[in-house]
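The following paragraphs lead through selected features of the structure displayed here, moving from one helix to another and then to a single loop residue.

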Amino acid sequence: MDVGPTTDLTWSEIEGVRVNLTIDDTRQIAQHFFRTVHEWLPIVSYMRIHRFLNSSSEVVAADTVGMFVAMHLVSNDTSREHQAETQAVMYRSLKMALLNCEQHGQFMTNYLAALVLTCLYEMAHAIYPAAYFTVGACARTCFCMGLHDKRFATQLGKHVDTWTEAEERRRLWWATLILERYINVGFMFRPISTHIIKPNEIIPASDEDWDRGELAVNPLLVMSIEARTNVAPFARTCQAAHLLGRVSQHTNDHADPSDVDFHFQEADQLQRAASALLAIVQQEYSETESSLRHRHFSAMALCCSALLALYDVHSCIETEAIESGGRDKGARMKLQQLAIDGFKRVSAVTLDLTEEIQQTMATQGLDRISPFVMNALYQAAGTYAWYARENGSASHLGALQKIRDVLALLGPRWRVADDYLELLKDTEFEHGGGCNM
């Protein structure tokens, strides 16, 4: 069913926008975007944009201009004062354009791409609570378009008749899922806007084939985790986000004493699944040529975030109400020991990842680093600060400082790194709350 606006809203019809793009501007934006962000978040079709730019003499549609503005925002740093002022103007114009597109009913692929990239920009630059609200809007837009269920949900908007654009919409749906699960990490006891992902959900195909417009096989979510199948780096990121969502659901669960056995079993299953996926990604990372290894950073970091969040909950030694329930009275102690040991293992993996990130920045630049690595770095740093408070170990202090140094280097590219760095200030001496970071 093809349902859409009767007329296209143009950028010039929107009051309050202060950004104008020529076709040459959009070509430069696209070129830079596909060299940078697209490397670790391939969600906008290179072939579709390439054909559009080669066949158009101007860019007027509001959703299309908005998409290019969003592409510019996420692919450029804000380290220079003049650049930051320009970014702020573009961001306000983009938000105004998205609102007008929404009111006009202009829900096409370009609109969704603009919305998802806006959410990425807000998350990466710590623009809250806007990022939290925007990811909810992304989810509702996907629901409205029927992207969450291609089989039964009514498909709204322009009919897609190519595999390339159908794959693009799938990737935008998955990007929404990734963003929401990432944004909700540590934001305890808040429900997510999207549903729990089904095991037979289709994940993105080969990134290289999609960029070339070549048909490729789409693996299934869980089957491709359990079996050693050929899965692209972005698809691995989708799998990691799925497990991160499962962990968030588990840690946000108010477990009843009568359900304690299931609660602990679920924790063990989740840590096994996340550890297995992390091992697969690490192996694929080691087999990838050095210039492309940064594409695996997001999946590795999300796996580490999931495990560290899970271990954080189950490593606390304070007595819990559910401890007295269940048949296996030693299950709580076993899980606690597993979490304590797991903290050390995954923090060490994250520290190794930190060193790889630092090396990549030195050889290839900041643009190769995804903002999805930030939470894992922060959680690992918090773990090392915790160890340092307990035993004053010089090695733990050194690990904490190494992560701080990398966050400081990332600050000019992603401002959220500066916020994490502020939260880590003096944590080796004192920490105000919680079992850990």
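In this predicted model, the face of helix α16 that is turned away from its buried side carries the exposed residues A394 and S395. The helix itself covers residues 394-410, 17 in number, and reaches 24 Å from its first C-alpha to its last, close to the 24 Å expected at 1.5 Å a residue. Its buried residues are H396, A399, L400, I403, R404, V406, L407 and L410. Viewed down the axis of α16, these buried residues fall within an arc of 165°, so they line one face of the helix. The cover over them includes α14 (331-364), α15 (374-391) and α17 (416-423).

Helix α8 (residues 163-183) offers a second case. Its 21 residues should span 30 Å at 1.5 Å a residue, and its end C-alpha atoms are 30 Å apart, which agrees. Because 20 of the 21 residues of α8 are buried, the helix is largely enclosed by the rest of the structure.

The loop between α8 and α9 (207-212) contains T194. Is this residue buried or exposed? T194 has a relative accessibility of 4%, and since buried means under 20%, T194 counts as buried. Its side chain makes a polar contact of 2.7 Å with the side chain of E180, and another polar contact, of 2.9 Å, joins the side chains of T194 and R181. With neighbours within four places in sequence left aside, the residues in contact with T194 are A139, F143, W173, L177, E180 and R181.

Terms used. Residues numbered from 1 in each chain as written. Predicted model: local features only at pLDDT ≥ 70, side-chain atom pairs only at ≥ 80, totals over all residues. Heavy atoms only, no water. Helix = DSSP H or I, 4+ residues; strand = E, 2+ residues; numbered from the N terminus. Expected span 1.5 Å × (residues − 1). Buried < 20%, exposed > 50% of the residue type's maximum accessible area, 1.4 Å probe, protein only. Arc of directions from axis to C-beta. Contact = heavy atoms within 4.5 Å. Polar contact = N/O pair within 3.5 Å; in protein donor to acceptor, adjacent residues only side chain to side chain.
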